[in-house]
Amino acid sequence: MEGNKRWVSGDLQHPDRDPNRRQFVAQQQEPFGAILSCIDSRVPPELLFDTGLGDLYVMRTGGEAVGPVVTGSVEYGPMTSDTPLVVVLGHQRCGAVEAAYKSLRDDKPLPGNLQAIVKALQPAYEQAVREGGGDPVETMARAQVELTAADLRSNQDLAPLVGKGALAVVGAYYSLDTGKVEVLAGAPS
């Protein structure tokens with residue numbers, strides 16, 4: 001979050017981005033966090049958190065949609081190198097969430113494999129419909145973050161790490177307008 005404060009203020013340090021760091025991590029990596037975020041070109045986690053080479057495991061899918069391969073990718077850091085933090089990062093004005101919302105609302109499937117994203121986001125859509133609110137797409141985007149983080153927190157392989165305090169699974173939301181990341185749930189105490 002300190003890196004995000006630097007991003008918001010424009011006082012960037014650009015840490016761990018030089019040939020010395022490249023050499024240091026060439027043989028081994030020990031990222032301090034794993035981020036599951038959206039594919040959106042405006043939401044690159046390494047920049048939003050002002051981090052560098054070897055600092056983060058990053059998985060990006062449309063609307064933070066998950067399936068077995070993505071879940072396995074998220075599990076990799078905590079289960080193989082004791083990475084203590086997983087962040088599920090949604091964002092404002094998410095095109096994948098908006099497309100899924102309209103597809104489900106209008107009962108019009110999207111073409112090709114885009115429908116897999118729609119199916120993965122359906123629980124968030126259903127929660128957004130139940131909650132209501134002024135902007136159902138934003139409600140759905142936040143619901144997707146919270147549901148995905150909760151699922152990862154209770155995952156059979158990650159839950160024991162969460163239970164003993166070795167892993168925090170945090171849901172967060174990025175504002176395209178301000179650059180600020182807001183923690184929604186799961187922040188370590």
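1. Start with the loop between helix H3 (45-48) and strand S2, where you will find aspartate 50. Keep in mind that you are looking at a predicted model. Aspartate 50 has a positive phi, about 45°, even though it is not a glycine. Is aspartate 50 buried or exposed? Its relative accessibility is 2%, and buried means under 20%, so aspartate 50 counts as buried.

2. Stay in that loop for a moment, since threonine 51 also lies between H3 and S2. With 6% relative accessibility, threonine 51 counts as buried too. What does threonine 51 touch, once you leave aside its neighbours within four places in sequence? The contacts are Pro15, Arg17, Phe32, Pro45, Glu46 and Leu56. Try clicking on each of these six names in turn, and you can see what surrounds threonine 51.

3. Another loop deserves a look: the one between S3 and helix H5 (95-106), which holds arginine 93. Here again phi is positive in a residue other than glycine, with a value near 55°. As for its surroundings, arginine 93 has a relative accessible area of 42%. Partly exposed covers what lies between under 20% and over 50%, so that is the label arginine 93 gets.

4. Now for the sheet. Five strands make it up, and it is open, with mixed pairing. Reading across, the order is S2-S1-S3-S4-S5. Which strands stand at the edges? They are S2 (56-60) and S5 (181-185); each has a single partner strand, so one side of each is left without a neighbour in the sheet. On average, neighbouring strands are turned by 25° against each other, ignoring direction.

5. Strand S1 (residues 33-37) is worth a point of its own. On one side S1 runs parallel to S3 (residues 85-91), joined by four bridges. Within that pairing, alanine 34 has valine 86 as its bridge partner in S3, while isoleucine 35 stands opposite valine 87. S1 also pairs with S2 in the parallel sense, this time over five bridges. Leucine 36, for instance, has methionine 59 of S2 as its bridge partner.

6. Why is S1 described as largely enclosed by the rest of the structure? Because five of its five residues are buried. Look at which way they point: Gly33, Ile35 and Ser37 go one way, Ala34 and Leu36 go the other way, and all are buried.

7. Helices pack on this sheet as well. Helix H4 (residues 68-81) touches S1, S2 and S3, and its direction makes about 170° with that of S2. Helix H7 (residues 136-154) lies across S1, S3, S4 (168-174) and S5, running at about 170° to S4.

8. H7 also meets other helices. Two packed helices are described by the angle between their axes and the distance between the axes. For H6 (residues 114-131) and H7, the axes come within 8 Å and cross at roughly 125°. The two are therefore oblique to each other, and their crossing is right-handed. On the H6 side, the residues that meet H7 are Ala120, Leu121, Pro123, Ala124, Tyr125, Gln127, Ala128 and Glu131. On the H7 side they are Pro136, Thr139, Met140, Ala143, Gln144, Glu146 and Leu147. How many of these contact residues are nonpolar, polar and charged? There are ten nonpolar, three polar and two charged in the contact of H6 with H7.

9. Finally, compare that with H5 and H7. Their axes come within 9 Å and cross at roughly 115°, which makes H5 roughly perpendicular to H7. This crossing is right-handed. From H5, the residues in the contact are Val97, Glu98, Ala100 and Tyr101; from H7, they are Pro136, Val137, Met140 and Ala141. By type, the contact of H5 with H7 has seven nonpolar residues, no polar ones and one charged. Pro136 and Met140 are worth picking out in your viewer, as H7 brings them to its contact with H6 and to its contact with H5.

Definitions and conventions: Residues are numbered from 1 along each chain as its sequence is written. This is a predicted model: local features need pLDDT of at least 70, side-chain atom pairs count only at pLDDT 80 or more; totals for chains, interfaces and linings use all residues. Side-chain values use heavy atoms; hydrogens and water are left out. Two strands pair if DSSP finds at least two bridges between them. Axes are lines fitted to C-alpha atoms, for helices over the stretch in contact, and angles run from 0 to 180 degrees between N-to-C directions. Contact means heavy atoms within 4.5 Å. Angles under 35 degrees count as roughly parallel, over 145 as roughly antiparallel, 65 to 115 as roughly perpendicular and the rest as oblique. A crossing is left-handed if the near helix is turned anticlockwise from the far one by less than a right angle, and right-handed if clockwise. Ala, Val, Leu, Ile, Met, Phe, Trp, Tyr, Cys and Pro count as nonpolar, Asp, Glu, Lys and Arg as charged, and the others, Gly among them, as polar. Buried means under 20% relative accessible area, exposed over 50%, partly exposed in between (1.4 Å probe, protein chains only).
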